[in-house]
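Q: I'm new to protein structures and would like a close look at one part of this one. Could you pick a strand, then follow its contacts outward?

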Amino acid sequence: MSAEKTSKVSIIAMAVILVCTFLSQSVAGPMQVENLNRGLIAVRSGQGYYLSWRLLANEPYNTGFNVYRGSTRLNSTPITGATIYTDANTPQQSGVSTYTVRAVVGGVERPASDPAIIINNVDGPNASNASNPTAGYIQIDLIRPPTGQHGGTYSPNDGSVGDLTGNGVYDIVLKWDPSNSQDNANNGITDNVIIDAYTLTSQRLWRIDLGPNIRAGAHYTQFMVYDFDGCGKAEVIMKTAPGTRDGTGNFISMGPAATANHSAIYRNSNGHIVTGPEYLTVFDGATGRELATAEYWPVAGTVSSWGGAGRDNGGNRVNRFNAVVAYLDGERPSVVYQRGYYERMTFAAWDWRNGQLTRRWTFDSNTSGNGAYSGQGNHSLSVADVDNSGRHSIITGSAVIGPDGTGRHTMGYGHGDALHVAHMIKGNPYPQIFMPHETGNIGVSLRHANNGQVLFTANNSNDVGRGAAAQLDAARPGFHFWGSGGMGLYNTSGTRVSTTLPHNGNNAGVCNFVIWWDGDLSRQLLDNNQITKWSIANNSGQRLLTATGASSANGTKSTPILTADIFGDWREEVIWAYGNSALRIYTSTMPTTHRLVTLMHDPVYRVAVAWQNSSYNQPPHPGYYIASDMDFPPPTLNVTVVGGNNQSSSSIAPSSSSATPSSSSVAPSSSSSPPSSSSVAPPTITCTLPAGLVAGTNVNAATQRGYLRCSNTGNAPTVGTPAWSGAPRAPFNGTTVAAAGNYTGITVTANCGTNANPNNVSGTSNNIAIAAATSSSSVAPSSSSANSFTCTGLVATGTVGTAITAPTVRCNGTTVTNNLTWTPTGRIPTAAGTLAVNVSRGNATGTGSACAGMTALCGNVSVSAAPSSSSATVPSSSSSADTPSSSSVEVPSSSSVTPSSSSTDITSIHAFDSYGRIQHTPTYYDLKGQPLGITKPTAPGVYIEKQGKQVKMVVVK
C-alpha cells in the first residue's frame with residue numbers, strides 16, 4: 001500500500017474514532033427553528049402600498065434589503081433599518097406589479113424573495129373606520145361543520161400556525177367549538193371536536209374529527225402544531241380516543257388504537273368521559289394522516305384519586321389537561337402533556353423522532369418527594385430557559401419543572417388562572433414569573449423563575465382571576481403589572497403607580513391579552529376586537545383598531561383565535577373570527593423604526609405560540625428583554641434553521657478561496673476545464689432529472705433542469721435556460737421519457753450570466769424513478785349504479801409524501817369534468833413501492849343517457865424514493881461521479897478540475913432537498929470538539945462538521 005493511501009486510511013480511521021467520540025459527548029447545540037420565507041406583505045396605504053418583511057435569525061443583523069416592484073428597484077441604497085418600506089404611488093388593481101425584496105450581504109445581492117402577499121382590505125382605528133386605516137387584513141373562508149348529532153352548532157375557536165406543507169409559509173390549524181361544549185365542572189353531552197387546517201389562500205388541507213370520546217371544552221383538547229422532527233413540515237399532536245378519524249377520513253389504527261372499538265361510546269349519562277382507552281396521536285401536518293399513536297400517560301384510573309377529598313367522581317379534576325412544546329434537550333422540540341393541577345399533577349414529555357413517538361420522562365406529584373408540587377398548577381402552562389442552561393423548563397403556575405422532569409421549585413401558592421413568564425427586568429439574566437392568585441390572600445406575585453425568589457406580592461383577599469404583564473408606555477420604560485379585583489397597576493418594585501386598570505374605553509379594565517402593534521417597543525391592550533394604546537401618565541387609552549365585524553372567542557375572556565408574528569416585520573398579527581364562516585388575519589400598517597429578528601425564530605416565543613391554545617389562552621412572550629429601554633443590537637439567537645424553503649441568506653456564495661464540493665452539490669466536470677478570466681464560455685455540468693416522471697410524458701428542459709445554481713444568486717435557479725445536450729439515451733431521449741426504469745445522469749450546459757464568473761455553477765443531483773406508462777385497463781360502472789365505480793390502483797407517480805392525482809375518467813370516450821367527485825383513501829407512502837388506492841366517483845355525466853361507457857384509467861402507483869440530501873456527486877478526475885464516504889470528504893486531487901485563481905468557488909457547504917431548499921447550515925469543531933465559529937474550513941487540517949444531527953469529518957489539504 002502506498003504511503004499516500006496509508007496516510008489516507010489512517011486519517012479516515014482517526015476520523016471514525018473522533019466522530020464516534022464526538023457523538024457520545026453531550027455537546028449542546030443550537031435550537032432548531034423553521035426555515036421561513038421572507039414573509040413579505042404589501043398592504044394598501046393611500047395611493048400606494050406599505051411593505052414589511054422578516055429579518056431571519058440565520059442572517060446578519062445588519063443585512064441590507066433592496067425592494068423591487070417588478071424589475072424596478074425602489075430604494076436607492078440597501079435598507080438597514082426597520083424591515084418596512086412604503087411605495088407611495090402604485091395603482092390599486094388585482095394584478096398589481098409583483099413586489100419582492102432581496103437581501104444584501106457583504107455588498108452582494110441575494111435572490112429575490114417570494115412575491116409579496118397583496119392586501120387591499122384595510123380597516124381603521126375606530127368603530128366607524130372613517131379615516132386613518134391602521135391595519136390590513138386577509139380573509140380566510142372556512143367550511144363550517146354541519147350541526148352536530150346533539151344539536152351543537154360550530155364556531156371558530158382556538159387556532160395555531162405551522163408550516164404544514166414545507167413552503168416557508170404558515171398555515172392555520174383551527175379548532176371548531178360546538179355550542180354545547182362544557183367546562184369540566186359541568187354536566188352535559190357535547191358534540192365532537194373538529195380540527196381543520198387551512199392555507200392563507202382558504203384552501204382546506206384536511207379535517208380531523210376527534211369523535212364522541214373526546215369531550216368538547218377549553219380544558220380537554222390542546223393541539224400542538226410544530227415541526228417536531230426537523231423535517232421541514234409541521235406535525236400536529238393531540239389527545240385522541242376510539243372514534244377519532246384522521247385527516248384522510250380513516251379511524252386511527254396505529255399502536256394501541258389497532259384494537260380499538262371505534263363504535264364504542266364511553267361517555268356516561270352526565271356527559272363526562274372518565275373510562276375507556278386514551279391515546280396521544282401524531283398527525284401529518286400536510287394531510288392530517290395518522291403517523292403514530294401511543295397510550296396516553298397517565299391513564300385516568302380511579303377518578304376520585306385526582307382530588308376533591310374523594311368527592312370528585314364526575315371528572316372535574318382528572319380531566320384537566322394542558323400541553324406545551326419545549327426544547328428539553330436544548331436542540332429539538334418535545335411535547336409535554338399535563339393531566340391534573342387542582343391536586344394531583346402529572347406531566348409526560350414525548351419526542352417525535354425518525355418516525356417514532358417515544359416517552360422521554362414523566363412527573364407525578366404522587367411520587368415520593370414530589371408531594372409539595374400537588375395543587376400548584378394553573379389553567380395554562382408556560383415555557384422558558386429559567387437558568388440560562390440552553391434548555392427549557394415548564395412553568396406550571398406556582399411551580400417549575402426542569403427539562404429533565406424533576407421539580408426545580410414550588411411556592412405553595414396554589415392555583416391561579418393567568419400566567420406571564422418573560423424577561424421583565426432589564427439586565428437580569430433570568431426571566432420572571434407573574435401570576436394572579438385565587439386564594440391565600442396573595443393577590444398577585446412576581447418572582448424569579450430560576451429559584452422562586454419573590455420580588456413582590458400585592459395582597460388581595462379576592463379571587464384575582466385576570467392579570468397581565470408588559471411594558472405599556474414608552475414614556476414609562478420597564479414592565480408593569482395589573483390584575484382584576486381592584487388590584488391597580490404596579491411596577492417591578494411592587495409599587496402601585498395607579499389605581500386605574502388599563503382599559504379600552506369601557507373603564508372595566510383589560511387584563512386578557514397584549515400585542516405589539518403600533519411600532520414602538522411597548523405593547524398594546526388587546527381585548528375583544530379592539531387594540532388600544534395605554535398612557536400610564538394620563539390614565540387613558542387611544543383606540544388603534546376596532547376590527548369591523550370581527551369577534552373574539554372564549555366568552556368573557558375575549559381572546560383572539562391567535563396572536564403571533566405570522567408575517568411581515570417583528571410585530572404581531574391577530575386572528576379573529578368573522579362570523580362563523582371566515583377568519584381574518586389583521587396586520588399593522590403603522591410604521592416602526594425598530595429592527596428585530598422575526599419573533600418566530602425566538603424559540604421561547606415560538607413555543608408560546610404553540611401552547612397559546614392550552615386551556616385559558618395567554619399571550620406569547622419572547623426569550624429576551626424587549627422594551628423601550630432595551631439595548632441594540634438585540635442578543636443573537638442560538639438557533640439553526642432546518643427544513644424547507646429557499647430563501648436563506650446563508651446559501652451558496654462566492655469566496656476568494658476554494659472549498660471542497662459538498663455532498664449536496666455537483667461541481668463542474670473534468671470534461672469542461674475552467675476558462676480563463678477573459679473567457680465567458682459556460683461550463684458543463686452532469687446532473688440528473690428530478691424524480692417523478694411517468695413514461696410517455698414530455699420533459700421541459702426549462703423546468704426539469706437538475707436545479708442548477710449560480711454563485712451570484714445563492715440557491716436560486718440558474719440565470720437563463722440551461723440547454724440539454726448529449727446523445728439520446730433510454731429511457732430519456734431528450735424530449736420524451738420513453739420507458740420505465742432508472743436514469744442517473746444527463747449533461748446540462750448552463751450559463752450563470754455576465755454578473756458572475758461563468759464557472760461558478762453548482763447543482764443538486766437526484767436519481768430518477770420513472771413509472772410505467774399508464775395502463776390501458778379500465779374500470780366500468782358497478783351494477784348498483786351506472787354512474788359510479790371504484791378504481792383500485794390509481795396511477796400516481798411522485799416522491800413520497802406527495803398528493804395523489806385523480807385518474808382520468810371518460811364517458812363514451814369523452815373526458816368527464818363536471819359533477820365529478822373523488823376521494824382517495826391513501827397517499828403516496830413513506831417509502832418507495834406501490835400502493836393500492838380506492839377512488840370512488842359518482843354523479844358523472846357525459847354523452848349517453850346512462851353513461852354506460854364510463855371508464856377510468858387504472859394502474860399501479862409508482863413511488864420514487866425521497867430525494868436524498870447526499871445524493872449529489874463529487875466528480876473525480878476521470879469525470880465519473882464518486883460519492884464521498886460518510887466519514888470523510890475528500891478534496892479533489894491535483895488531477896481534478898479546480899477553479900482557476902481568477903474564478904471563485906462555492907464557499908458554504910449545505911444540504912439541499914430536491915427543490916433546492918436549504919436543509920442544514922453546518923457548524924465546525926476542532927478535533928477536541930470545541931466550536932470554531934466558522935462557516936467553512938479554509939485552512940489545511942482535519943475538522944468535525946455537524947449538520948443537524950449528522951457528524952462527519954472534513955479534510956482540507
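A: Here is a walk that starts at one strand and moves step by step to its neighbours.

First, a word on the ground rules. This is a predicted model, in which local features need pLDDT of at least 70 and side-chain atom pairs count only at pLDDT 80 or more, while totals for chains, interfaces and linings use all residues. Residues are numbered from 1 along each chain as its sequence is written, and side-chain values use heavy atoms, with hydrogens and water left out.

The protein chain has 2 helices and 68 strands; these are DSSP runs numbered from the N terminus, with helices (H or I) of at least four residues and strands (E) of at least two. Of its 957 residues, 57% are buried, where buried means under 20% relative accessible area, exposed means over 50% and partly exposed is in between (1.4 Å probe, protein chains only).

Our strand is β13, residues 171-178. Because 8 of its 8 residues are buried, β13 is largely enclosed by the rest of the structure. In a regular strand the side chains alternate between the two faces of the sheet. Here Asp-171, Val-173, Lys-175 and Asp-177 point one way, while Ile-172, Leu-174, Trp-176 and Pro-178 point the other way, and all are buried.

What does β13 pair with? Strands count as paired if DSSP finds at least two bridges between them. β12 and β13 run antiparallel and are joined by 7 bridges, and one example is Tyr-154, whose bridge partner in β13 is Pro-178. β13 also pairs with strand β14 (residues 194-198), in the antiparallel sense over 5 bridges. In that pairing, Leu-174 stands opposite Asp-196 in β14.

Now step to Gly-162, which is found in strand β12 (residues 154-162). Gly-162 counts as buried because its relative accessibility is 0%. Leaving aside neighbours within four places in sequence, Gly-162 is in contact (heavy atoms within 4.5 Å) with several residues, among them Asp-171, Glu-34, Val-225 and Arg-606. Glu-34 is 128 residues away along the chain, with 9.0 Å between the two C-alpha atoms. Contacts like this are part of a wider pattern: among the chain's contacts with a separation of 6 or more, 64% are between residues 24 or more positions apart.

Two of those contacts lead onward. Arg-606 is one of the residues buried in α2, along with Pro-603 and Val-607. Helix α2 spans residues 603-611, and it is largely enclosed by the rest of the structure because 9 of its 9 residues are buried.

The other lead takes us to strand β16 (residues 224-226), which pairs with β17 in the antiparallel sense over 3 bridges. Met-224 stands opposite Ile-237 in β17. Strand β17 (residues 235-240) is also largely enclosed, because 6 of its 6 residues are buried. β17 pairs with β18 as well, antiparallel over 6 bridges, and there the bridge partner of Ile-237 is Val-282.

From β18 (279-284) the chain runs into a loop before β19 (290-295), and Thr-287 has its place there. Is Thr-287 buried or exposed? Thr-287 counts as buried because its relative accessibility is 5%. Its side chain makes a polar contact with the side chain of Asp-284 at 2.8 Å. A polar contact is a pair of N or O atoms within 3.5 Å; within protein, one must be able to donate a hydrogen and the other to accept it, and residues adjacent in sequence count only if both atoms are side-chain atoms. A polar atom of the Thr-287 side chain also lies 3.1 Å from the backbone nitrogen of Arg-289.

One last stop links back to the helix. Tyr-327 lies in the loop between β20 (321-326) and β21 (334-339), and it is buried because its relative accessible area is 0%. Not counting residues up to four places away in sequence, Tyr-327 touches residues including Tyr-226, Gln-32, Pro-603 and Val-607. Gln-32 is 295 residues away in sequence, yet the C-alpha atoms are 9.0 Å apart. The strands beside this loop belong to an open sheet of 4 strands in the order β20-β21-β22-β23, with antiparallel pairing. Its edge strands are β20 and β23 (356-364), each pairing on one side only.
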